Amino acid sequence: MGLLGLAAGFCAVAAMAAAFLARRARVVVSSSLGALGCLLAGASALVTLITGTTSTFYTSHLLPGAGLSLTLDPLGAIFILATSLVGVAACVYCVSYAHGPMASRAAMTLFMVFVLTLLVVPAASNVVSFMFVWELMALSSLLLILTDQSRNDDSRSAALWYGVMTQLGAASILLGLLLASRGSASTFSAISAHAAQLSPNVRSFAFVLVLLGFSSKAGAVPLHVWLPKAHPAAPSPVSALMSGSMVAMGVYGIIRVGQGLLHGGTVWWWVAVVTLGVVSAFYGALHSTTSTDLKRLLAYSTIDIQGLVLIGVGAAGVLGDSGQPFIAHLAMMAALMLVVAHAGFKGALFLSAGAVERATGTRDLDRLGGLIHTMPVTAFVVAISACSIMAVPTLSGFSSEWLLLQGLLHGFNDSSTPAMIVMLLGVISLALTGGLTAVAFVKAFGIGFLGQPRSTGAAQAIEVPPTMKIAMLWLVLPSVVLGLVPGEFVGLVNRAASSALGKTSLEPLDHGTGLVLAQLRGAVQPAELFMGVVGVLLLVSAANRLLEQRRARRVDAWGGGRDVQTARMQYTATSFAEPLQRVFADVLRPDTDVEVTHIAESRYYEQSLMYDNRVNDVLEQRGYRPVINLVLRAGRLAQRLQNGSIHRYLAFGFVALLVILVVLA
Amino acid sequence: MNTTYVAVLELAAGAVLVSAVMTLWRRNVRSIISMLSLQGIALATAAIVLGWHEHDVALFVTGGLVLVVKGLVVPGVLRRVARLDPRSRESRPLVNVPASLVIAALLIVLSYVVTSRITSLAPSDATRLVPIGVATVLVGYFMLVTRRRAVSKIVGLILVDNGIALVTFLLTSGVPLIVELGSSLDVLLVVVVLQFLMVSMVHHSDTEQLTEMKALHD
Amino acid sequence: MLILAILLVPVAMTLLAASVSWHPWVGWASAAASAAVLGLGVALCVATMKAPEVALHGALRADSLSAFMVVVIGTVSLLATLFTPRTMSQEMQSGVTSARYARHYVVLMEIFITCMLLAVVSANLGVLWVSIEATTIATTFLVSHRRTDGAFEASWKYLLLCSVGIAVAFLGTVLIYYAELHVGGSAHSSSLDWTSVMSVAHHLNPNVTRLAFALLVVGYGTKVGLVPMHSWLPDAHSQSPAPVSALMSGVLLTVAFYGLLRFRAIAVAALGTTYPRTLLLVAGILSLLLASAMLITQRDLKRMLAYSSIEHMGLLVIGAAVGTPLAIAAVLLHVLGHGITKAVLFLSSGEIYFLEGTTEIAKLSSLLSRRPVLGGVFGFALMSLVAFPPFSLFVSELSMARAEVDAGLWWVVAISLGCLGVIFASLTRHARQMLTGTPSGTEVGATTARSVAVPLIGALVICAVLGTVSWPLQSLLAHAAHGAMP
Amino acid sequence: MTSPLYSVIVTLVQVVLAATGGPLLIGLMAKVKARAEGRVGAPIVQPLRDLRKLMRKERLHARHSSVMLPLAPMVIFAATTVAVGISPLVSTRPLLGSSADIFVIVYLLLTGSVAAALGGLDAGTAFGGMGSSRAMTIGALAEPALLVAVIALSIQSSSSNLTTIVSATLAHPDWVFGPSRLLALGALGIVVIAETGRIPVDNPATHLELTMVHEAMILEYAGPELALYHLGEAMRVSLLFSLVATLFFPWGVATGHSVLALVVGVGALVVKTALVALAVALIEVRSAKLRLFRLPELLAGGFVLSVLAVVTGLVTR
C-alpha cells in the first residue's frame with residue numbers, strides 16, 4: 001500500500017509538474033515522473049501478488065461523506081500490474097511523441113491524472129472512493145480524446161459518444177453499487193459481509209445494473225459503440241492506456257462486484273456475462289477484419305479480446321456456482337492472464353499505430369505499405385504483438401488462450417445444462433474469433449508493413465526516436481515472457497484468482513516454467529516448444545549456408561506478364577478483407593456505392609468509376625440512432641411547452657394549485 | 001350586537017367575493033378597476049369590523065391601512081395605467097365570460113370543500129366565512145390566467161392578495177403587524193413596479209405588445 | 001451581534017452606493033462588502049457550532065443552517081460583485097447603461113443581497129416571507145437592467161409569476177400561523193417564530209398543516225423554480241446581466257429552498273415523513289424531467305444554464321424529500337457547490353456574451369482554441385455542473401443518491417440518474433458545439449483578462465477542494481443538517 | 001532402451017517419416033488421381049525429385065520483398081516439424097509428449113498459415129495479396145470447425161493431450177465408432193481438405209488467376225526457398241493425414257519402449273496415412289472445385305458437424 005501511495009504521489013507530482021512547468025521541461029519531467037510512478041505501482045502490485053497480502057488505507061479527511069478508502073488485494077494488484085506495464089510505456093513514449101496539442105499544459109496534466117486514476121481504481125474500496133476515481137478516469141480520458149481535435153471532426157463526435165456512454169454506464173454502476181450497499185456501510189468489505197442479507201432479487205438487480213455499466217466500459221457488444229470511435233480519436237499513448245488498461249477496468253468491476261461483493265450470485269448472471277462475451281468476441285473480431293483504419297482495427301480487436309476475457313470470467317462464475325471451484329479457478333486465471341497479456345500486446349500495437357501515424361501521417365492501411373524497410377523496430381514490435389494476439393504459440397496470447405481453452409474443455413466435466421451451454425458457446429466463439437483475428441492481423445501487418453508503400457507518406461517514413469522505440473519494445477516484453485515461461489507467473493495469477501473468487505487453497509496449475517494442469521491431464525511447455533522451433537530454424541539456416549554461399553539475387557516480381565509493377569496494383573486492406581466481408585455481409589451490412597461516369601460520346605465506355613465501400617457499425621446505425629432521434633424529437637416536443645405565453649405559464653401554476661387542492665379535498 | 005357584527009362581516013366578505021366574480025364578468029377595464037376598489041373597501045370593512053369585535057387594535061390599524069392602500073391607492077395607480085392603454089377592454093379573454101362564470105362557481109364549491117377541514121379546527125362566525133376568502137383567491141388566480149390585458153393581470157394578482165388578506169383576517173385576526181405591514185407594502189410595491197414596467201415597455205417599444213409577449217421562448 | 005453586523009454591512013453599502021454617483025471603486029467596495037459578509041458568515045458558522053446566535057430580542061436568529069446559508073450567499077455574492085466594475089464598464093462601453101443606471105444597479109444588488117441575508121437569519125417565518133418577496137422586487141429591476149424588450153418582458157413575467165406564487169406561500173404561512181394559534185384545540189399566543197412553531201410542531205393540526213405545506217411548496221416552489229411553477233426562470237436568467245443571473249441562480253433559488261427546508265421540518269413533525277416526501281418528490285421529479293427535456297434541443301446558452309438550475313433544484317428538493325441527516329448534509333453541500341459552479345458559468349457566459357455578442361449556442365464555436373482560458377473555465381465549470389469529480393457536486397449528488405437508496409427510494413435514483421444522463425448528453429453536445437472545433441479564420445488564442453480569470457479559476461479550485469477535502473465543512477454540514485431536522 | 005533416448009528416436013523417426021513421406025504422399029495422390037483419370041501419371045517419387053532440383057537453383061528475391069519472404073518457408077517448416085515431432089504418431093512417447101496438446105498443434109499449424117500469408121503479401125504483387133487473402137479467408141472459416149472438432153475429440157478423454165487421447169482411445173475401442181467420433185471425423189475431413197488445399201477447396205495444380213489460392217501465394221518463391229516451402233507443405237499434409245488416421249484409428253501406435261513396437265508403429269502409420277491419402281485422392285477425383293464464395297457453405301457444414309460432434313459427445317457421455 002505504501003508503495004502504491006508513493007506511486008500515486010509520483011503521478012500526482014507529475015500532474016503538478018505538467019500543470020506548472022514550461023513547455024520543454026513539462027513533457028520530459030512529467031513523463032519521467034509518471035513512468036517512475038507506474039514502475040513503483042507495478043512493484044507494489046508485484047509485492048502484493050507475491051505475498052498475497054491485503055493492505056488497506058483509510059482517511060476520513062478526504063472525500064466528504066465517506067472518506068477515501070483504498071485496499072490493495074491481489075485481484076486489484078493484477079489490474080494495477082497491467083496498468084503499470086502500459087503506463088510505463090505510455091509515459092516513456094510520450095517524451096518524444098508529445099508535441100503540439102498533446103504537449104500542452106492541459107493535455108499533459110490530464111494524461112498524468114488519467115494514469116493516476118487508472119492505478120487507483122482497482123484499489124478503491126468504498127462506493128464513494130470508487131466512483132470518484134472512476135469518474136475522474138472517465139473525465140480525464142474524455143478530455144484527452146479532445147486533445148487533437150484540430151485534425152478532423154471525428155474526435156469531437158467520439159468524445160460525445162464516449163462521454164454519454166460512459167456517464168450512462170457510471171450511473172448504472174452507481175445505482176447498482178448503492179443497491180448493493182443498501183443497509184450497510186459503503187465500504188466494499190461491509191457490502192460483501194452484508195450481501196447475504198439482501199434479497200436475491202435486489203442482488204440480481206444490482207448485479208444487472210453494475211454489469212450494464214461495467215460491460216459498457218469493457219466494450220461489450222452492444223454497449224461498445226463508443227470504443228471504436230474513442231480509441232482512434234485519442235492520442236496514441238492514451239489509446240494504449242484506454243485499450244490496455246481502462247477497458248480492463250470494466251472486467252475488474254464485474255469480477256469485483258459479481259464475485260467479491262455479491263459472492264457469485266446465481267448462474268444466470270454469469271450466463272449473461274458469457275453471452276456478452278460471446279457476442280463481443282465475434283462482433284469485434286469480424287469488424288476488426290474489415291476495418292482499414294489501423295486504430296479502429298485495434299479497437300475492434302479490443303472488443304474481441306475483452307469478449308474472450310468475459311467468457312473466462314463468466315465461465316468461472318458458472319462453474320463456481322455449479323460446484324466446480326477447481327475449474328472455475330482455472331477459467332478465472334485464464335481471464336486474468338489474458339487481461340495482462342492484452343495490456344502488453346494491445347498497448348504495444350497502439351503505440352506502434354501512433355508511431356506509424358507519426359511517421360506517415362496516416363493510419364489508413366490502404367495508404368500504408370512497405371514500412372518494414374523504413375521502420376524495422378516498429379515492424380518488429382507489430383509483428384510480435386500481432387502474433388501474440390493471434391495466439392501464435394510461445395507468445396502470451398497463446399498461453400492465456402490455451403488456459404482458457406483448458407478451462408472450457410474441463411468445464412464440460414460439469415454436467416449441468418447452463419454450464420454445458422456456456423462452455424459450448426465459449427469454445428465456439430473462441431474458435432470463430434481465432435481465425436478472424438488471424439485475418440485481421442495478417443492484414444494489419446501484411447498490408448501495412450510489407451509490400452510497397454501505397455502513399456508518399458508511407459514511402460518517406462522514418463523510424464521513430466529511441467524513447468518511443470524503447471516504450472514499444474518494453475511492451476513486447478510481456479508478450480514474450482508471459483508466452484515463454486508462463487509457469488513462472490502462475491503463482492501470481494493464481495493469487496489474484498483466489499482473491500477474485502474468495503478461495504485460497506486451490507492451485508489448478510503446477511509451478512514450473514510451463515503450464516501444467518494439476519490433477520487434470522493437460523500441459524504445455526512453451527519454452528521447450530520454442531527451443532524446438534528455434535533449433536529447427538537454426539538447422540535450416542545452417543543447411544542454407546551449406547547449400548549456397550551467395551546472397552539472394554534481387555529480381556522484379558512477376559506481374560502476370562506486365563512490365564510495370566506499381567504500388568497501386570497491390571491488394572489493399574479493403575480488398576484483402578473483401579471475401580470475408582462478403583461472407584458475413586448479413587452481419588456487417590456494408591454500404592457499397594458504385595458510381596459510373598460514362599464518356600459523353602457513348603454510354604458503352606466509362607470515363608471514371610467510383611467505388612465506395614464502408615462498413616459502419618450496424619448496431620450503431622440500427623440500435624442507437626433511432627433512440628437518439630427519439631430523444632431529439634422528445635426535446636423538440638418539450639420546447640413547445642415553453643412558448644413564451646405568460647397565460648400558459650400562469651396556467652401551469654394554477655393547475656398545479658387546483659390539482660393539489662382537489663387531491664387534498 | 002353580535003348579530004349585527006355577523007351580518008356586517010358576512011356582508012363585507014360576500015362583497016369581496018361578489019366583486020371578484022364581477023371582475024370576471026365585466027369587460028371594460030375601468031369597471032374592473034372599480035370593482036377592485038369596491039373589493040378593497042369591503043375588505044377593509046371586514047377587517048375593521050373584526051378588529052372592533054375582537055378589540056384588536058392592530059387589526060383596526062390594518063383595516064385602515066387596507067382601506068387606504070387597496071381601496072384608494074392601488075385602484076388609482078391602476079386607473080393611470082389603464083389610461084396608457086386606449087383600447088382598455090378585455091374583449092377576448094382566453095376563456096369566455098359565461099364559461100368563466102361557471103368555472104368561478106366550481107372554484108367556489110372547491111374552496112368550500114377544501115376549507116371545511118380547516119375551519120373545523122376553530123369554528124366561529126369568522127372562520128365560517130373563510131371559504132369566501134379562498135374562493136376569492138382562486139377566482140383571482142383564474143382571472144390572472146385567463147385575462148389577456150396587462151391591467152387585468154394586475155387586477156387578478158390583487159384579487160389573489162385580497163383573498164389571502166380576507167383569509168388572514170377571518171382565520172387569525174391578522175398575522176403579526178410587522179408581517180402584515182410588510183405584505184401590504186410588498187403588494188403596493190409589486191403593483192407600482194408592474195405599472196412601472198408597463199410604462200417602460202410602452203415607452204420603450206412603441207408597439208404596444210403587452211398582451212402577447214412571446215419574444216422569449218424555447 | 002454577528003448577525004446584526006452581517007445585515008449592517010450590505011445595508012451600509014446600499015446607503016453608500018445610493019449616496020454617491022457611479023465609479024468603479026463603488027463596485028470594488030461592494031465586492032469588499034460581500035467579502036466582509038463572507039468573513040462574518042464564516043465567523044457565524046464557528047459561533048453557531050456551539051449554540052444558535054440571537055439578536056434584536058429574538059427577531060433575528062441564526063443556527064448552523066442559517067450560518068451556512070450566509071456563507072453560501074457571501075461566497076456567491078462575492079463572485080458576482082467582483083464582476084460589478086467589469087460588467088458596468090462593459091455595458092457603458094457598449095451603451096447599454098449609463099452612470100445613473102450603474103448606480104441603481106449597485107444599490108439594487110445590495111438590497112437584493114440584504115434581503116437574502118435577512119431571509120436566512122430572521123427568526124420569524126413571516127419575515128422570511130416578506131424578505132423573499134422583497135428579493136423579487138429588487139431583482140425585477142435588476143432583470144430589466146438592460147432595458148431591452150426582452151429584459152422588460154422577462155421581468156414582467158418574473159414579477160407576475162413570482163408574486164402570485166409567493167402570495168400562495170403567504171396563504172400557507174397564514175395557515176401555519178392559524179394552526180399554531182389553535183394548538184391543542186385552544187387559542188394561545190402565537191408569533192410565527194420558527195423556534196416556537198417547531199416546539200409545538202408535533203401538535204399542529206394535521207389537516208391545516210397538510211394544506212399549508214402544499215401551499216408553501218407551491219409558493220416557495222415558484223421561487224425555487226420547481227416545475228410547474230418554473231416558467232419565469234429561464235426568461236429572467238437569460239435576460240439579466242451575468243452577475244445578477246449568477247446571484248439569482250446561485251443563491252436566490254436556494255434561499256427560497258431554505259424556506260422550504262424550514263417548513264419541511266415543521267411538516268414532518270406534524271404529519272410524519274410520507275406526505276411531505278411525496279409532495280416534494282413529485283415536484284423534484286417533475287423538475288428533473290422537464291429540465292432534461294428542455295435541455296435536449298436548447299438553443300441559448302443562458303437558458304441552458306437556467307434549465308440546469310431547475311434540474312439542480314429538482315435534485316435538492318428530492319434530497320430534501322428524503323430528509324435524513326445524510327441527505328440534508330449532502331443537499332447543503334450541493335447548495336454551495338451549485339451556487340459556486342453556476343456563478344462561474346453565468347459569469348463566464350457574460351464574458352462570452354460581451355466578447356462574442358451572442359449567447360446563441362449555434363453561433364458560438366471553437367471557444368477553446370480561440371479563448372483557451374475562458375473556454376477552459378467554462379468547460380471545467382460545465383464538467384463540475386454535470387457532477388464530475390473532483391468538483392463538490394459529484395460528492396453531494398452521490399451522497400444524495402446514497403441517502404435516497406437507503407431510504408428505499410431507489411426508483412427515484414433511477415429516474416434521476418436517467419434524467420441526469422440525458423442532461424449530460426445534452427450539455428456535452430452543446431458544449432461540443434460551443435467549445436470545440438477549429439477556428440475558421442487565422443485567429444490566435446486570445447488572452448483572458450486576469451480580473452476575469454482569477455476569480456473564476458479560484459472558484460473552481462474551491463469547488464474542487466470542497467469535493468475532495470472533507471475537513472472544514474463536514475462537521476458544519478452535519479450540524480446544519482441537524483438544524484433542518486424535525 | 002532408456003526413456004529419453006527412446007523419445008528422441010521416436011521424434012526423429014516421425015520427422016524423417018514426414019519429411020520423406022510427405023512428398024511421397026503428394027506423389028501418391030497425384031498418381032492415384034492420374035490412374036483414376038486413365039493417365040499414367042508421374043512416378044510417386046516425383047515430388048522428391050522436384051525438391052532436389054529446386055535445392056540446386058539460385059535464390060531469387062522479389063524487388064520489394066523483405067526478410068519475410070525467406071522467413072515464411074522456414075517458419076512453416078519449423079512449425080510443422082515441431083508439430084510432427086511431438087505428436088504421438090508412431091509411438092505414444094515422442095519428445096515433449098506432454099506438450100503434444102491438440103491446441104498446440106492447431107496453433108502451430110495456424111502459425112504456418114500466417115507465415116505463408118505474410119510471405120504472399122511480402123512482394124507487394126496483386127497475386128500474392130489475392131492468394132493470401134483467399135487463404136486466410138478459407139483458414140478463418142476452417143478454423144472454427146477444426147477447433148470444435150478437436151474439442152469433440154478431447155471431451156471423451158477429458159484432455160486435449162494427444163497422447164492421452166490416443167491411449168484412451170486404445171483403452172476404449174468402442175469410442176471409435178461412436179456417433180461423436182464419426183461426426184468429428186466428417187468435420188475434420190472437410191477441414192483437412194481445406195487446410196491442405198485440395199479439391200474441392202483449392203486445386204493444387206491450377207495456375208489460373210481466378211481460381212488460384214495457394215499457388216498465388218508462392219508465385220514469388222524460387223529455388224531452395226520454394227523447395228523448403230514445398231517440403232513444409234508436404235509435411236503439413238502428412239501431419240494432418242496421419243493425425244486424422246491416428247486419432248480415429250489409433251491401433252498400431254507403439255505404447256511401450258520396445259523397438260519392435262516402434263517398427264510396427266511405423267508400418268501402421270505408413271499404411272493408415274496412405275489409406276487416408278487414397279481416400280482424399282478419390283474425393284478429389286470425384287468432385288469439382290467449388291467457387292470461392294460457395295466455400296463458406298462447405299466449411300459451415302463442417303462447423304455444424306463439429307458442433308454436433310461436441311453435443312452428441314456430451315449427450316452420450
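This report describes four chains, A to D, by their contacts, their folds and their shared core.

The model is predicted, so local features need pLDDT of at least 70, side-chain atom pairs count only at pLDDT 80 or more, and totals for chains, interfaces and linings use all residues. Residues are numbered from 1 along each chain as its sequence is written, and chains are lettered from A and ligands numbered from 1 in the order in which they are written.

## Contacts between chains

Two residues are in contact if their C-beta atoms, placed from the backbone, lie within 7 Å. Four pairs of chains are in contact, and chains A and D share the most contacts among these pairs. Chain D has no contact with chain B, and the closest C-alpha atoms of these two chains are 55 Å apart. Chains C and D are not joined by any contact either, with 39 Å between their closest C-alpha atoms.

Between chains A and D, 70 residues of chain A meet 69 residues of chain D. Several elements of chain A supply at least two residues each to this side, including helix H16 (396-411), helix H17 (417-449) and helix H21 (526-547). Helices (H or I, at least four residues) and strands (E, at least two) are DSSP runs, numbered from the N terminus. H17(A) gives the most to the side that touches chain D, with 16 residues. By residue type, the side of chain A that touches chain D has 43 nonpolar, 20 polar and seven charged residues. Here Ala, Val, Leu, Ile, Met, Phe, Trp, Tyr, Cys and Pro count as nonpolar, Asp, Glu, Lys and Arg as charged, and the others, Gly among them, as polar.

Strands also link chains A and D: E5(A) and strand E1 (residues 60-62) of chain D run parallel and are joined by three bridges. Two strands pair if DSSP finds at least two bridges between them. Arg554(A) has His61(D), in E1(D), as its bridge partner.

Between chains A and C, 47 residues of chain A are in contact with 55 residues of chain C. On the side of chain A that touches chain C, two or more residues come from each of helix H5 (127-145), helix H6 (154-180), helix H24 (618-639) and helix H25 (646-664) of chain A. H6(A) gives the most to this side, with twelve residues. The residues of this side of chain A are 31 nonpolar, twelve polar and four charged.

## Chains B and D

Chain B has seven helices and zero strands, while chain D has eleven helices and one strand. From the N terminus of chain D, two helices come before the strand, and the remaining elements are helices.

| Chain | Box of C-alpha atoms | Buried residues |
|---|---|---|
| Chain B | roughly 55 × 35 × 30 Å | 53% of 218 residues |
| Chain D | roughly 55 × 45 × 40 Å | 63% of 317 residues |

The boxes are taken along the principal axes. A residue is buried if 20 or more other C-beta atoms lie within 10 Å of its own, exposed if 12 or fewer, and partly exposed in between, with C-beta atoms placed from the backbone.

The radius of gyration is taken over C-alpha atoms, and the globule rule is 2.2 Å times the number of residues to the power 0.38. Chain B has a radius of gyration of 18 Å, which agrees with the value near 17 Å for a compact globule of 218 residues. For the 317 residues of chain D the rule gives 20 Å and the chain has 19 Å, so chain D is as compact as a globular protein of that length.

Of the contacts in chain B with a separation of 6 or more, 73% are between residues 24 or more positions apart. In chain D, 79% of the contacts between residues at least 6 apart in sequence join residues at least 24 apart.

The mean pLDDT (the predictor's confidence in each residue, from 0 to 100) of chain B is 84, and 93% of its residues reach 70 or more. Within chain B, helix H5 (residues 130-146) has the highest confidence, at a mean of 93, and helix H7 (residues 177-204) the lowest, at 77.

## Core and a bare strand

A nonpolar core is a set of buried Ala, Val, Leu, Ile, Met, Phe, Trp, Tyr and Cys residues joined through C-beta atoms within 7 Å. The largest nonpolar core has 683 residues, of which Ile78(A), Val148(D) and Ala149(D) touch the most other members. Helix H13 (residues 325-360) of chain A gives the most to this core, with 24 residues. Beyond its neighbours within four places in sequence, Ile78(A) contacts residues including Leu336(A) and Val340(A).

Strand E6 (residues 591-598) of chain A, by contrast, has zero buried residues among its eight. E6(A) pairs with strand E7 (residues 606-614) of chain A in the antiparallel sense over eight bridges. Val596(A) has Leu609(A), in E7(A), as its bridge partner.
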